[in-house]
Amino acid sequence: AKSAEAMLLAAGGASVVVNDLGVAREGDPDGGTPAHEVVDEITAAGGTAITSAHDVSSWTGAQELIATAVDQLGGAMQVERRVCDVRDRESVVGLVASVESTVGPIETVITVAGIIQAGPAESMTFEHYEDAIDTMTWGPVNVALTVLPHLRERGHGHIGTVTSIGG
């Protein structure tokens, strides 16, 4: 399912980095990864894509992924770290205001936040479910409803949401 977004972006002319921690669908680290399969599809269709195995759960890993993309795909980009809890409307409002005042108008926003606890039902708590719902349902709603007035005022813009079937 996630490959559909990568394929669509590549078809639109974007250079794509497909990030995967490096395991096959069966969990075998030596097998072909789903990331390689997606990159093969994109390049076979004439697009530009590379794989990455950076652990982006840390800021360092994210910086390394961006450096790899710039090195291998060319170009230059400015990257800033901003922290926002999408579950908290005020945090989202603050981030949007900060970005629009320092970087410029937001033209496209894509939410990809996700969190989930997996395990036997008896080990799950209400807090586990609340965290998942707050992040994967209310997070995108908070972001969309915060940026939407800005986009409408300018007469253009895009909002995208990527979520998990596990949520």
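This report describes helix α4 and the salt bridges of a predicted model.

## Helix α4: length and ending

Helix α4 runs over residues 89-102 and holds 14 residues. At 1.5 Å a residue, a helix of this kind should span 20 Å, and the C-alpha atoms at the two ends of α4 are indeed 20 Å apart, so the expected and modelled spans agree.

After α4 comes G104. The phi angle of G104 is positive, near 135°.

## The two sides of helix α4

Three valines of α4, namely V92, V96 and V99, are buried. Around the helix axis they cover an arc of only 70°, which means that they lie on the same side of α4. The cover over the buried residues of α4 includes helix α5, residues 126-154.

The face turned away from this buried side has another character: E90, S101 and T102 are found there, and they are exposed.

## Salt bridges around R87

Side chains of opposite charge can pair when their charged atoms come close. Across the whole structure, a search finds three salt bridges.

One of them brings together the side chains of D85 and R87, with a distance of 2.9 Å from N to O. R87 also forms a salt bridge with D131, where the closest N and O atoms are 3.4 Å apart. D131 belongs to helix α5, while R87 sits in the loop between α3 (59-73) and α4; the pair therefore ties together parts that are 44 residues apart in sequence.

The accessibility of these residues can be stated one by one. D85 has a relative accessible area of 31% and is partly exposed. R87, at 37%, is partly exposed, and D131, at 30%, is partly exposed as well.

## The salt bridge between α4 and α5

The side chains of E100 and R154 also meet in a salt bridge, with 2.9 Å from N to O. Because E100 lies in helix α4 and R154 in helix α5, this pair ties together parts that are 54 residues apart in sequence. R154 counts as partly exposed, its relative accessibility being 27%.

As for shared partners, D85, R87 and D131 are joined into one network by their salt bridges.

## Summary

Helix α5 appears in two roles beside α4: α5 is part of what covers the buried residues of α4, and its residue R154 forms a salt bridge with E100 of α4. Helix α5 also contributes D131, which pairs with R87.

Key
Residues are numbered from 1 along each chain as its sequence is written. This is a predicted model: local features need pLDDT of at least 70, side-chain atom pairs count only at pLDDT 80 or more; totals for chains, interfaces and linings use all residues. Side-chain values use heavy atoms; hydrogens and water are left out. Helices (H or I, at least four residues) and strands (E, at least two) are DSSP runs, numbered from the N terminus. The expected span of a helix is 1.5 Å times one less than its number of residues. Buried means under 20% relative accessible area, exposed over 50%, partly exposed in between (1.4 Å probe, protein chains only). The arc is that of the directions from the helix axis to the C-beta atoms. Contact means heavy atoms within 4.5 Å. A salt bridge is a side-chain nitrogen of Lys or Arg within 4 Å of a carboxyl oxygen of Asp or Glu.
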